[in-house]
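Me: Can you walk me through this structure? I'd like to go through the charged pairs, the core and the surface.

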Amino acid sequence: MTFLHAILLGIIQGLTEFIPVSSTAHLLIGQQLLGIPVDDAMFSFLVIVQLGTIVSLLAFYWKDLLSIARAVISDFPGLRDFGSLKPEAKLGWYIIIATIPALLAGYLLKDAVEALFKRPILEASIRLFSAAILLTLAELLTRKNRLLSSMTGLDSLIIGLFQIIAVFPGASRSGATISGGMFRGFDRPSAARFAFLMSVPVMLAAGSYEMLDVLKMPNLSEFLPLLALGFVTAAVVGWFAIKWLIDYLSRRSLYVFAIYCAVVGFTCIAFGIL
């Protein structure tokens, strides 16, 4: 891997982690096109660039996250009377509820998910086609007239179940969770905001767990400059990707992403056959 590879893969991760087109699928495709071998060093790099996009989320939503954390802590004594909690405290508990399914799935399905990486391009294509179908259905079958202030515990649990899809390689976390929010009737910006906020605990947990393997990597110090470059690139690009997507969804639909996923999925299959 070269410095140019680190920058390119950091850009791919930063863009596709939040835009609903699957970051894992695009990183696998980019890795193959750049001729980078699948090894422990590459695994470590992918973990680090994902942590970079977590920084993007924290930087973009730090005021929201701080307000939510403070409200949850200050209102905790009154939790039994849930209806009287501040809106920020309720949102915090809804994020916790939505996080539980993905954490359980990630733990219970770990071995099954790792086995899917034996044929990564094929799996990526399948997940891309799935994303295309899910995004299309989310646009066709939903009302999209609810605001985040109307969320209930059932809404958060169902959206959290959609996040389980993102455990599998090639699946789009943002695509699955934004669609889940839209299936519950939320408008696109509200669905996207909750999808991004609820992804923070899961991404932190997954990144911290995988980081343990990175720290065990031999010759880690020699690889640090590339890791740092990919991390910073993903963090900077990711911040702008979030900002752009929130603005885009306030005015336009998900159809363009559905079409894109279908085209890239078909290309992956054709490439695999050839």
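Reply: Sure. Let's begin with Asp 247, which is partly exposed, with a relative accessible area of 41%. Keep in mind that this is a predicted model.

Me: Which residue does Asp 247 meet in a salt bridge?

Reply: Arg 251. The N to O distance in that salt bridge is 2.9 Å.

Me: Do salt bridges link up here? Which residues are joined into one network?

Reply: Glu 139, Lys 144 and Arg 188 are. Their salt bridges share partners.

Me: How many salt bridges does the count come to?

Reply: Eight. One of them joins Asp 64 and Arg 193 through their side chains, at 2.6 Å from N to O.

Me: Where do Asp 64 and Arg 193 lie?

Reply: Asp 64 is in helix H4, residues 62-74. Arg 193 is in helix H10, residues 188-215. The two are 129 residues apart in sequence, so the pair ties together distant stretches of the chain.

Me: Why does Arg 193 count as partly exposed?

Reply: Because its relative accessibility is 27%, and partly exposed runs from 20% to 50%. Asp 64 is partly exposed too, with a relative accessible area of 23%.

Me: What about Asp 155 and Arg 146, buried or exposed?

Reply: Both are buried. Asp 155 forms a salt bridge with Arg 146. Their closest N and O atoms are 2.6 Å apart.

Me: And why would such side chains pair up at all?

Reply: Opposite charges can pair when the charged atoms come close.

Me: New topic, the core. How many residues has the largest nonpolar core?

Reply: It has 69 residues. Those with the most contacts inside it are Phe 45, Leu 57, Ile 178, Phe 194, Phe 196 and Phe 257. Helix H10 gives the largest share of this core, 10 residues.

Me: What does Ile 178 touch, not counting residues up to four places away in sequence?

Reply: Ala 191, Ala 192, Ala 195, Leu 245, Leu 249 and Leu 254.

Me: Now the outside. Which residues make the nonpolar surface patch?

Reply: Ile 133, Leu 137, Leu 140, Leu 141, Phe 183 and Tyr 255. The patch is about 570 Å².

Me: Which helix gives the largest share of the nonpolar patch?

Reply: Helix H7, residues 120-140, with three residues.

Me: And where does Phe 183 lie?

Reply: In helix H9, residues 173-183. Phe 183 counts as partly exposed, at 30% relative accessibility.

Methods:
Residues are numbered from 1 along each chain as its sequence is written. This is a predicted model: local features need pLDDT of at least 70, side-chain atom pairs count only at pLDDT 80 or more; totals for chains, interfaces and linings use all residues. Side-chain values use heavy atoms; hydrogens and water are left out. Patches are made of residues with over 30% relative accessible area and no salt bridge: like charges are joined within 9 Å, nonpolar side chains (Val, Leu, Ile, Met, Phe, Trp, Tyr) within 5 Å. Accessible areas come from the Shrake-Rupley method with a 1.4 Å probe; for residues, only the protein chains shown count as cover. A salt bridge is a side-chain nitrogen of Lys or Arg within 4 Å of a carboxyl oxygen of Asp or Glu. Helices (H or I, at least four residues) and strands (E, at least two) are DSSP runs, numbered from the N terminus. Buried means under 20% relative accessible area, exposed over 50%, partly exposed in between (1.4 Å probe, protein chains only). A nonpolar core is a set of buried Ala, Val, Leu, Ile, Met, Phe, Trp, Tyr and Cys residues joined through side-chain atoms within 4.5 Å. Contact means heavy atoms within 4.5 Å.
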